[in-house]
Amino acid sequence: MKFHSTRPGDTPVTLGEAITRGLAANGGLFVPSTWPQFNRSDFARVETLPEVARILLAPFFEGDSLQPHLPDICAESFSFPIPLRPVDGKGFSILELFHGPTAAFKDVGARFLAAVMHRLEHDNSDPLTILVATSGDTGGAVAAAFHGRSGIEVKVLYPAGMVSPRQEKQLTCWGGNVAAFRVDGAFDDCQALVKQAFAAGLDRRLSSANSINIGRLLPQSVYYAAASLWHWRETGQSASFIVPTGNLGNAVAAVWARHMGLPIERIVLATNANRVIPDFLATGDWQPVPSIATLASAMDVGDPSNMERLRDLYKEFATLRQHVDAYTVNDDCIRKQIVDDYRDYGELWCPHTATAVHVFDNETDVATDNMIVVATAHPAKFETVIEPLIDTAIEIPPALSRLLHLDSHLVSIPADFSSFARHL
Ligand SMILES: *Cc1c(COP(=O)(O)O)cnc(C)c1O
């Protein structure tokens, strides 16, 4: 299997190379050059996530030195439960992606990436340095996944005062091969420092772990495949998904699972007030803008990079339009959804998940049978948003609670490259 760039004029590469490079040399994103096709019978008698992963991902590993490691990589990446449960009274089921080490769906992609990179790097005497700029969830998931992996160092950069105290703890509690930098600036300054490091031609090997890496997307297709198979076994019908969406990484993985033949019908995107995707689907005009801050902060994206992958798959706008729908949800609606569902059903959503639930409750043509709402984070991660709304302390899941009791290790730096470079 080869992977090619979404932009013309680049040579196709194998999976390991696509993951190591992150971005194609011509600035495009890597996508699979062919699509394996599956039937439900390919997964007969398959029960666990690692088993679904081994079958679904096997074609992508063909012809790569990683191939013999596929079973171990799947076992390491899918080592926590991803339950699908009906929500009493609401009329949908919820797919809970937040039972991993940092309580957000990004744990799946980050753990897969770490499992792959560890195997690509462990013979290399020259250590690899992974740079991650984060506004919260990505950095924690990447730090947790790479912590203790020999031959790989991680440098996480985050904006001072712009991540929640619990998110900050998830970035700074590691030590060892993971270093955290609190940058006196905004997320964009952190990203600029990472770009400057790549441009500086330092005498060390650099890589990145952000969500455009195909190593984070492919494993996400696994939970859509598994959930659709479980739903089929229960009901004999195809599932549809509502996906809280920012940079479109999670949603593209759902689209890919359906494209490979899994029993998935509709894929509905829920965005916050950053509405570039719904506006594009309504008008055909792609108008990226600077992001605006919302309560669902991990979805504050004004120029979603993975749209390039969606447009590569559905080259005609009319085709793309047939395959996804998108709705925007503002902060007032997010607040109301959290308050109402806690009061009426005892269900607590994180602000991102609340956007998807809101779409189900308010868009009549979305509120159909067989809908699965995707829960992207545990509410306890966003206690500063939720606790004032419900006036109750949220119970913290054990994995998260363990991290909150560790010491913090961090370096504060100004937003200039010479300071950061001294630490590289
Ligand atoms: C990252 C994130 C999202 C957005 O996912 P994309 O793949 O960027 O669309 C949604 N919810 C949570 C909790 C996240 O951390």
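I count Ala, Val, Leu, Ile, Met, Phe, Trp, Tyr, Cys and Pro as nonpolar, Asp, Glu, Lys and Arg as charged, and the others, Gly among them, as polar.

**Entry 1: the ligand.** I am working with a predicted model. I sorted the shell around the ligand by class and got 5 nonpolar, 7 polar and 2 charged residues. Which residues come nearest to the ligand? Of the 14 around the ligand, they are Lys 106, Asp 137, Gly 246, Asn 247 and Thr 376.

I then looked up polar atoms beside the ligand's oxygen atoms. Lys 106 places a polar side-chain atom 2.5 Å from a ligand oxygen. Leu 248 uses a polar backbone atom, 2.9 Å from an oxygen of the ligand. Gly 249 also has a polar backbone atom, 3.0 Å from a ligand oxygen. I checked the cover next. The ligand taken alone exposes 380 Å², and the protein buries 97% of that.

**Entry 2: the sheet.** I traced an open sheet of 5 strands with parallel pairing. The order is S8-S5-S6-S7-S13. Which strands sit at the edges? They are S8 (205-208) and S13 (411-414), each pairing on one side only. On average, neighbouring strands are turned by 30° against each other, direction ignored.

I looked at one pair inside the sheet. S5 (residues 128-133) and S6 (residues 152-159) run parallel and are joined by 6 bridges. Ala 133 has Leu 157 in S6 as its bridge partner.

**Entry 3: the helices.** I found helix H5 (residues 137-146) lying across S5, S6 and S7 (178-184). H5 runs at about 160° to S6. Helix H7 (residues 187-199) lies across S5, S6, S7, S8 and S13. H7 runs at about 155° to S5.

Notes. Residues are numbered from 1 along each chain as its sequence is written. This is a predicted model: local features need pLDDT of at least 70, side-chain atom pairs count only at pLDDT 80 or more; totals for chains, interfaces and linings use all residues. Side-chain values use heavy atoms; hydrogens and water are left out. A residue is near a molecule or strand if one of its heavy atoms lies within 4 Å of it. A polar contact is a pair of N or O atoms within 3.5 Å; within protein, one must be able to donate a hydrogen and the other to accept it, and residues adjacent in sequence count only if both atoms are side-chain atoms. Accessible areas come from the Shrake-Rupley method with a 1.4 Å probe; for residues, only the protein chains shown count as cover. Two strands pair if DSSP finds at least two bridges between them. Helices (H or I, at least four residues) and strands (E, at least two) are DSSP runs, numbered from the N terminus. Axes are lines fitted to C-alpha atoms, for helices over the stretch in contact, and angles run from 0 to 180 degrees between N-to-C directions. Contact means heavy atoms within 4.5 Å.
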